[in-house]
Protein chains: 2
Amino acid sequence: MPDRDGSHERTVFFVSDGTGITAETLGHSVMTQFESLRYRQLRMPFVDSAEKAREAVQKIAEAGRRDGRRPVVFSTLVNPAVNAELKAADALLLDLFESFVEPLEIELGMKSSHSIGRSHNISDSEEYKARIEAINFALAHDDGQSSKGLQQADVILVGVSRSGKTPTSLYLAMQYGLKAANYPLIPEDFDRDALPSALPAHRAKLFGLSIAPERLAEVRHERRPNSRYAALDNCRHEVAAAERLMRREGIRWLSSTTKSIEEIAATIMQEVRLDRRSY
Amino acid sequence: MPDRDGSHERTVFFVSDGTGITAETLGHSVMTQFESLRYRQLRMPFVDSAEKAREAVQKIAEAGRRDGRRPVVFSTLVNPAVNAELKAADALLLDLFESFVEPLEIELGMKSSHSIGRSHNISDSEEYKARIEAINFALAHDDGQSSKGLQQADVILVGVSRSGKTPTSLYLAMQYGLKAANYPLIPEDFDRDALPSALPAHRAKLFGLSIAPERLAEVRHERRPNSRYAALDNCRHEVAAAERLMRREGIRWLSSTTKSIEEIAATIMQEVRLDRRSY
């Protein structure tokens with residue numbers, strides 16, 4: 001696990017010529033496989049020249065001397081000349097491009113931009129613009145703020161307050177460029193025993209989030225300690241009423257209790273078959 | 001590039017026993033190296049049993065027959081029995097765990113959870129809770145909504161309206177668990193020629209986003225067509241006034257014009273040395 005108190009056995013570097021997101025996402029995922037290892041992590045983004053690569057080699061050497069063990073380096077360096085410098089490092093080098101790009105060149109019978117030395121500007125792409133537009137949509141349609149433009153939504157999340165709708169909507173937008181609105185189910189809806197009036201017209205896009213009442217009470221207590229809103233019996237009542245309403249209305253739902261937003265989002269995509277329309 | 005019109009040469013699968021985020025992030029990054037290839041992508045998350053792996057193998061075979069070329073498969077399957085089934089697929093298999101976990105086991109002299117067969121629940125971790133808390137913080141402190149709790153912020157972004165502050169704040173929260181507030185610089189601030197009054201007390205945390213006036217006018221026109229707000233001369237005036245103010249106040253800034261939110265976020269982390277405090 002990452003080290004928070006200065007006692008670590010190894011240093012793990014994420015070295016990249018760009019933002020380092022890929023190196024870091026993969027590196028974290030791989031390192032969770034070694035739960036008992038205490039490691040310190042260091043990001044080195046924007047290593048895009050031989051000189052910066054030599055500086056990186058220095059820092060890796062220093063960390064190795066300090067730890068008494070050679071560091072682990074996850075790298076995504078596209079430029080072969082920069083990469084060649086990094087290879088001098090005394091470390092376990094896990095090179096994402098060498099492992100994957102080279103086999104692909106053979107399979108596809110074409111050269112990669114890596115080989116050609118071209119780089120990629122993601123901020124110009126249609127996909128990127130769709131993501132930014134989706135983030136704006138999620139913010140404008142958070143917490144039932146607006147029912148205008150719901151026909152543009154890819155999915156509309158419903159659930160009791162603090163069941164995870166907002167972070168999931170933002171994640172669907174940021175990661176997948178999907179337009180996710182979200183509507184709270186509130187005591188007034190339970191009294192009327194009906195969905196908020198804007199929603200029945202969009203039934204096919206509705207997806208519910210539920211949550212264990214005990215966990216909901218915990219989350220709500222952090223926000224409004226000792227309130228009626230956070231009381232366990234109230235949480236039990238709201239969750240039961242919301243689930244009854246969703247069941248009667250034929251709305252698919254999942255429990256967010258032990259799931260991360262990544263897992264909730266991936267499940268929704270699969271259930272609503274949203275991936276089919278993404279490309 | 002991903003195919004949007006049905007004419008593709010290859011199918012690329014992202015097969016995972018979890019959300020598939022790692023397989024997909026890495027896979028996308030690797031595939032951008034082959035810009036001229038038209039491919040169709042299919043996500044297959046939650047492949048966590050031998051039976052589901054056999055279904056995946058079927059789907060891969062179908063895609064291969066349809067395309068007349070074998071598919072490319074990026075996989076992150078932890079369970080060796082499930083992975084063994086996938087290996088029967090007629091495809092170029094790029095296995096993230098085999099490429100990285102096995103060399104690490106040797107380097108670290110320890111077995112991975114992969115080998116032990118244990119899985120990981122990220123929604124329980126401290127890091128995950130920090131991310132959710134940071135998302136809530138970013139939403140509560142978006143667009144100068146609240147100056148309460150700014151002492152808890154890791155960074156406070158400033159800039160003219162539509163310079164990219166909101167998506168960057170949300171990304172810093174979601175990806176890195178950093179608490180990012182953001183404040184707009186508005187015509188009233190330029191008339192007074194001073195920062196919003198809540199900010200000077202937090203000068204060390206301020207980071208500016210600027211943007212080319214032409215790009216700003218474009219973005220604002222999409223939101224409010226033909227308004228004074230979106231007029232190029234007004235955008236020029238606001239950007240010049242904001243940059244003058246930031247320069248005088250000694251606030252570091254970057255231009256968001258051609259950068260993605262990932263790149264903006266990674267640059268801010270490096271400039272403000274935020275990675276030092278993350279672990």
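**Group meeting: salt bridges, a chain interface and a few single residues**

Let me start with one residue: A:E249 is buried, at 18% relative accessibility. That puts A:E249 in the buried class because the class takes in values under 20%. Before going on, I should say that this is a predicted model.

What does the side chain of A:E249 meet in a salt bridge? The partner is A:R203, and the N to O distance is 2.4 Å. In sequence the two are 46 residues apart, so to speak of distant parts of the chain is fair: A:E249 belongs to helix 10 of chain A, residues 232-249, while A:R203 sits in the loop between helix 8 (187-192) and strand 7. A:R203 is partly exposed, with 36% relative accessibility, whereas A:E249, as I said, is buried.

Now a pair within chain B. B:R54 and B:E85 form a salt bridge through their side chains, at 3.2 Å from N to O. B:R54 is in helix 2 of chain B, residues 50-67, and B:E85 is in helix 3, residues 80-86, so this salt bridge ties together parts that lie 31 residues apart in sequence. On accessibility, B:E85 is partly exposed at 26%. B:R54 is also in the partly exposed class, with a relative accessible area of 44%.

Back in chain A, some salt bridges share partners: A:D193, A:R203, A:R248 and A:E249 are joined in this way into one network. The pair I opened with, A:R203 and A:E249, belongs to that network.

Next, the two chains together. How many residues of each chain are in contact with the other? The count is 80 residues of chain A and 80 residues of chain B. As general background, interface size is often quoted as the accessible area lost when the parts come together. Here the buried area between chain A and chain B is about 7,600 Å², and carbon and sulfur atoms give 64% of it.

Salt bridges also occur across this interface. A search over all chains gives 32 salt bridges in the whole structure, and the count between chain A and chain B is six. One pair across the chains is A:R10 with B:E107, whose side chains meet at 2.9 Å, N to O.

Another is A:R131 with B:E262, with 2.8 Å between the closest N and O atoms. This pair joins two chains, since A:R131 lies in helix 6 of chain A, residues 126-140, and B:E262 in helix 11 of chain B, residues 261-271. Are these two residues buried or exposed? B:E262 is buried, at a relative accessible area of 10%. A:R131 is buried as well, at 11% relative accessibility.

Staying with the two chains, there is a helix pair to show. In general, a packed pair of helices is described by the angle and the distance between the axes. Helix 7 of chain A, residues 165-176, and helix 6 of chain B, residues 126-140, have axes that come within 10 Å and cross at roughly 85°. The two helices are therefore roughly perpendicular. From helix 7 of chain A, the residues in this contact are A:T166, A:P167 and A:L170, and they meet B:I132, B:I135 and B:L139 of helix 6 of chain B. By type, that contact has five nonpolar residues, one polar residue and no charged residue.

To finish, four single residues. A:S210 is part of strand 7 of chain A, residues 206-210. This serine is buried, with a relative accessible area of 3%. Beyond its neighbours within four places in sequence, A:S210 has contacts that include A:V239, A:E243, A:M246 and A:W253, as well as A:L254 and A:T257.

A:D191, in helix 8 of chain A, is exposed at 69% relative accessibility. From A:D191 to A:R228 the separation is 37 residues in sequence and 17 Å in space, C-alpha to C-alpha.

Then come two positive phi angles. A:R162 is not a glycine, yet its phi is positive, at about 75°. A:R162 is in the loop between strand 5 (155-160) and helix 7 of chain A, and it is partly exposed at 24% relative accessibility. In chain B, B:N226 has a positive phi near 55°, again in a residue other than glycine. B:N226 lies in the loop between helix 9 (213-223) and helix 10 (232-248) of chain B, and it is exposed at 71% relative accessibility.

Methods: Residues are numbered from 1 along each chain as its sequence is written. Chains are lettered from A and ligands numbered from 1 in the order in which they are written. This is a predicted model: local features need pLDDT of at least 70, side-chain atom pairs count only at pLDDT 80 or more; totals for chains, interfaces and linings use all residues. Side-chain values use heavy atoms; hydrogens and water are left out. Helices (H or I, at least four residues) and strands (E, at least two) are DSSP runs, numbered from the N terminus. Buried means under 20% relative accessible area, exposed over 50%, partly exposed in between (1.4 Å probe, protein chains only). Contact means heavy atoms within 4.5 Å. Axes are lines fitted to C-alpha atoms, for helices over the stretch in contact, and angles run from 0 to 180 degrees between N-to-C directions. Angles under 35 degrees count as roughly parallel, over 145 as roughly antiparallel, 65 to 115 as roughly perpendicular and the rest as oblique. Ala, Val, Leu, Ile, Met, Phe, Trp, Tyr, Cys and Pro count as nonpolar, Asp, Glu, Lys and Arg as charged, and the others, Gly among them, as polar. Buried area is the accessible area (1.4 Å probe) that two parts lose on being put together, summed over both. A salt bridge is a side-chain nitrogen of Lys or Arg within 4 Å of a carboxyl oxygen of Asp or Glu.
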